[in-house]
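Biologist: I should be grateful for a close look at a single part of this protein. Please take one helix, with the loop and the neighbours that go with it, and describe how it is placed in the chain.

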Amino acid sequence: RLDPDSFPLLLGYKELFFPLVGLVLLPAIPRVWRDTPLQLRIVDGLAIAFGLIIVAGFFLSDAPVMDRLVYARRLALLPLIYGVVRLLPWRLASLRVTIRLIVIVAVVVAAFGILERFVFESLVWREWIPAGYYYHLHTLSGLGAPGSDFPTQGLPVVFYDLTAGEPERRLVSTFLEATTLASFMALGTILAVAAVRPRIVGFAAGALILAAAYLTLGKAGWLITAVGVTYVLAVSLVRRLREPAWLASMAAGLVGALVVISLVLEASGSATGALAHFDGLRQGIGSVIDAPLGRGLGIGGNFGEGVL
C-alpha cells in the first residue's frame with residue numbers, strides 16, 4: 001500500500017498535461033503565424049495579463065511554496081487552455097471529432113457511474129478501489145481538503161450529500177467526486193443534444209448522461225444542464241433567438257431568475273450548500289474590494305495554509 005509521502009506520485013501523471021500542452025502548442029505557433037498572421041485581440045491581452053499576474057502572485061506571496069504551486073497549477077490551466085484553442089489550427093471537421101469524443105467519454109463515465117451506484121458499489125469501492133483509504137491518503141498528503149476523508153457508511157463523506165440531514169449517496173463514477181462530475185455530465189448532455197447526429201443517437205446519449213448528472217445531486221450541474229439544454233432547444237426551434245439582442249435578454253432573464261431562486265432558497269432554509277457558494281462569492285467580492293491587487297497565491301482557500 002502507498003504511504004502519504006509517496007501518494008502524490010500516484011497523481012503525478014496529471015502533471016504531464018502541462019509539458020504535453022507545451023510540446024503540442026509551441027511547434028504550432030510558427031506554422032499558424034506563417035499560414036495566417038495572428039492578430040492580437042483584447043482577449044489575448046487579458047489572457048497574457050492573467051498569466052503575468054499568476055507569476056507575480058507566486059513570487060510575491062508569503063504562503064508556503066507547495067501552496068503556491070498548487071494554486072499556480074490550477075490557475076495556469078485557464079491561459080493554457082485558451083492558448084491551445086486560440087493558436088492551434090482548428091477546423092470544423094476536427095471540432096466535430098472532438099465533440100464526439102467528449103460525448104463518448106461522457107457516455108462511458110455515466111454508464112459506469114450508474115453501475116457503481118446501484119449494482120457494484122461494494123465491489124468497486126471496497127474491494128477493487130479502497131475509496132476510503134484513497135481519500136485518507138489524499139488528505140494526509142496535503143492534496144485534499146481537510147475532512148474530505150471522513151468516513152460515512154464505510155465510504156468517504158464526499159460520496160454523500162448531507163444537506164437534507166440524512167446522508168444521500170451521490171454518483172461519483174471515475175471522478176470519485178460528484179461536484180466536478182456533475183459539471184462534466186452537464187457538458188456531455190448539452191453537446192449530445194446539440195451536435196450529435198443522427199438526432200435519435202444524440203438524444204439517447206443525452207438521456208443517459210442526464211440521468212447520471214441527476215444522480216450526482218450536484219446543484220450547479222443541474223443548473224448548467226437546464227440552462228444549456230433549454231438554450232439549445234430554443235435556438236433550434238426559434239432561430240431569431242440567435243440574434244445578439246435576444247441573447248442579451250435571455251442572459252438578463254437568467255440572472256434575474258437566479259436571484260429570485262436564491263432568495264426563495266434563503267427564505268425556506270433549503271439548499272444550504274448552494275447558499276454557501278453564494279456567501280463565498282460575496283466574501284470574495286469583499287476581499288477584492290479590500291485588496292484589489294490580491295494577497296498572493298496560496299493565501300486562504302481549501303488548499304492554502306495562509307491566513308487572510
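Modeller: A residue counts as buried when its relative accessible area is under 20%, as exposed when it is over 50%, and as partly exposed in between. By that criterion, 30% of the 308 residues of the protein chain are buried. The model is a predicted one, and the part chosen here is helix α9, residues 199-215.

The setting may be given briefly. The secondary structure of the chain comes to 12 helices and 4 strands. Of the contacts between residues at least 6 apart in sequence, 65% join residues at least 24 apart. The chain exposes about 19,300 Å², and carbon and sulfur atoms supply 71% of that area.

Helix α9 itself has 17 residues. From its first C-alpha to its last it reaches 24 Å, close to the 24 Å expected at 1.5 Å a residue. An α-helix has 3.6 residues a turn, so residues three or four places apart point the same way. The buried residues of α9 are Gly202, Ala205, Gly206, Ile209, Ala212, Ala213 and Leu215. Their cover includes three helices, α5 (92-118), α8 (178-195) and α10 (219-237), together with the strand β4 (168-169).

The side towards α8 can be followed through Ala186, which lies in that helix. The C-alpha atoms of Ala186 and Ile209 are separated by 7.8 Å, although the two residues are 23 apart along the chain. Ala186 has a relative accessible area of 0%, which is under the 20% limit, and therefore counts as buried. Leaving aside neighbours within four places in sequence, Ala186 is in contact with Gly221, Ile224 and Thr225.

Beyond the end of α9, the chain passes into the loop between α9 and α10, where Thr216 has its place. Thr216 is also buried, because its relative accessible area is 0%. Apart from neighbours within four places in sequence, its contacts are Arg170, Leu171, Ala178, Leu181 and Ala182. Leu217, which also follows α9, has a positive phi, near 60°.

The aromatic residues add a further element to the picture. A pair of aromatic rings is described by the distance of the centres and the angle of the planes. The structure holds 4 aromatic pairs. One of them, formed by Trp125 and Phe159, is edge-to-face, with 5.4 Å centre to centre and 80° between the planes. This pair links distant parts of the chain, 34 residues apart: Trp125 belongs to helix α6 (residues 121-128), and Phe159 to the loop between β2 (155-156) and β3 (160-161). Both Trp125 and Phe159 are buried.

Another pair returns the account to the region of α9. The ring centres of Tyr214 and Trp222 are 5.4 Å apart and their planes stand at 15°, so this pair is stacked. Tyr214 counts as exposed because its relative accessibility is 52%, whereas Trp222, at 31%, counts as partly exposed. The ring of Trp222 also has the charged end of Lys219 over it, 5.6 Å from its centre. A similar arrangement involves Arg68, whose charged end sits over the ring of Phe58 at 5.2 Å from the centre.

In summary, α9 has buried residues, among them Ile209, and is covered in part by α8 and α10. Thr216, in the loop that follows, is buried, while Tyr214 is exposed and stacked with Trp222.

Conventions
Residues are numbered from 1 along each chain as its sequence is written. This is a predicted model: local features need pLDDT of at least 70, side-chain atom pairs count only at pLDDT 80 or more; totals for chains, interfaces and linings use all residues. Side-chain values use heavy atoms; hydrogens and water are left out. Helices (H or I, at least four residues) and strands (E, at least two) are DSSP runs, numbered from the N terminus. The expected span of a helix is 1.5 Å times one less than its number of residues. Buried means under 20% relative accessible area, exposed over 50%, partly exposed in between (1.4 Å probe, protein chains only). Contact means heavy atoms within 4.5 Å. Accessible areas come from the Shrake-Rupley method with a 1.4 Å probe; for residues, only the protein chains shown count as cover. Rings of Phe, Tyr and Trp (its six-membered ring) pair if their centres lie within 6.5 Å; planes under 30 degrees apart count as stacked, over 60 as edge-to-face and the rest as tilted. A charge sits over a ring if NZ of Lys or CZ of Arg is within 6 Å of the ring centre and within 35 degrees of the ring normal.
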